[in-house]
Amino acid sequence: MAGNSAKRTAVQSEERPKWVPLREDQHSELSTIARELMLARTRKAERITENTVIRVAVDLVIRHPELLVGDTEDDLRTNVFARVEQLLERERELLADGEGEEQGDGQ
């Protein structure tokens, strides 16, 4: 456990704080997500906090800036949500097609 603490301290020393105002609904949902992730962990090596979830979201945007298209915050949000929904729908279709093929193989 002491090794994990030392590792986390080293990572924290590399982090720079950034203050971001959140809407009430964002703050509430962020707390809920972090709490649910904490409860669902299979390994209890590291706490998952609201800041953890925020850092992961920032990493997603940094890795895929092409998802952000628009001139305003609302445009960016609308377009990224639409693109994510498209990707999830495509994944659902592929999974459904795979299940249909498996059922068809046995007949």
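**View 1. Arg 47 sits in the loop between H2 and H3.** This is a predicted model. Arg 47 is exposed, because its relative accessible area is 61% and the cut-off for exposed is over 50%. Leaving aside residues up to four places away in sequence, Arg 47 touches Met 38, Arg 41 and Thr 52. Ala 34 lies 13 residues from Arg 47 along the chain. The C-alpha atoms of Ala 34 and Arg 47 are 9.2 Å apart.

**View 2. Helix H3 starts with a cap from Thr 49.** A side-chain oxygen of Thr 49 lies 3.3 Å from the backbone nitrogen of Asn 51. That contact caps the N-terminal end of H3. Does the helix's span agree or disagree with its residue count? Helix H3 covers residues 50-63, which is 14 residues. At 1.5 Å a residue, H3 should span 20 Å. The end C-alpha atoms of H3 are 20 Å apart, so the two values agree.

**View 3. A salt bridge links Arg 55 and Glu 15.** The closest N and O atoms of this pair are 3.7 Å apart. Arg 55 lies in helix H3, while Glu 15 lies in the loop between H1 and H2, so the salt bridge ties together parts that are 40 residues apart in sequence. Arg 55 counts as partly exposed, at 29% relative accessibility. Glu 15 also counts as partly exposed, at 29%. Partly exposed runs between the 20% limit for buried and the 50% limit for exposed, so both residues fall inside that range.

**View 4. Asp 25 and Arg 23 meet through their side chains.** They form a salt bridge, with 3.0 Å from N to O. Is each partner buried, partly exposed or exposed? Asp 25 is partly exposed, with a relative accessible area of 43%. Arg 23 counts as partly exposed too, at 39%.

**View 5. Helix H4 holds a salt bridge between Glu 93 and Arg 90.** The N to O distance is 3.6 Å. Both residues lie in H4, which spans residues 73-105. Glu 93 and Arg 90 are 3 residues apart, about one turn of the helix. Glu 93 counts as partly exposed, at 36% relative accessibility. Arg 90 is partly exposed as well, with a relative accessible area of 44%. Elsewhere, salt bridges that share partners join Glu 73, Asp 74 and Arg 77 into one network. How many salt bridges are counted by this rule? The count comes to 7.

**View 6. The whole chain follows the pattern α-α-α-α.** There are 4 helices and 0 strands. Buried residues make up 7% of the 107 residues. The accessible surface comes to about 9500 Å². Carbon and sulfur atoms account for 55% of that surface. Now take the contacts between residues at least 6 apart in sequence. Of these, 14% join residues at least 24 apart.

**View 7. Confidence varies between helices H1 and H2.** Which element has the lowest mean pLDDT, and which the highest? Helix H1, residues 2-14, has the lowest, at 62. Helix H2, residues 24-40, has the highest, at 97. The chain averages a pLDDT of 88. Of its residues, 81% score at least 70. Where pLDDT is low, the predicted coordinates should not be read in detail.

Notes
Residues are numbered from 1 along each chain as its sequence is written. This is a predicted model: local features need pLDDT of at least 70, side-chain atom pairs count only at pLDDT 80 or more; totals for chains, interfaces and linings use all residues. Side-chain values use heavy atoms; hydrogens and water are left out. Helices (H or I, at least four residues) and strands (E, at least two) are DSSP runs, numbered from the N terminus. The expected span of a helix is 1.5 Å times one less than its number of residues. A polar contact is a pair of N or O atoms within 3.5 Å; within protein, one must be able to donate a hydrogen and the other to accept it, and residues adjacent in sequence count only if both atoms are side-chain atoms. pLDDT is the predictor's confidence in each residue, from 0 to 100. Buried means under 20% relative accessible area, exposed over 50%, partly exposed in between (1.4 Å probe, protein chains only). Contact means heavy atoms within 4.5 Å. Accessible areas come from the Shrake-Rupley method with a 1.4 Å probe; for residues, only the protein chains shown count as cover. A salt bridge is a side-chain nitrogen of Lys or Arg within 4 Å of a carboxyl oxygen of Asp or Glu.
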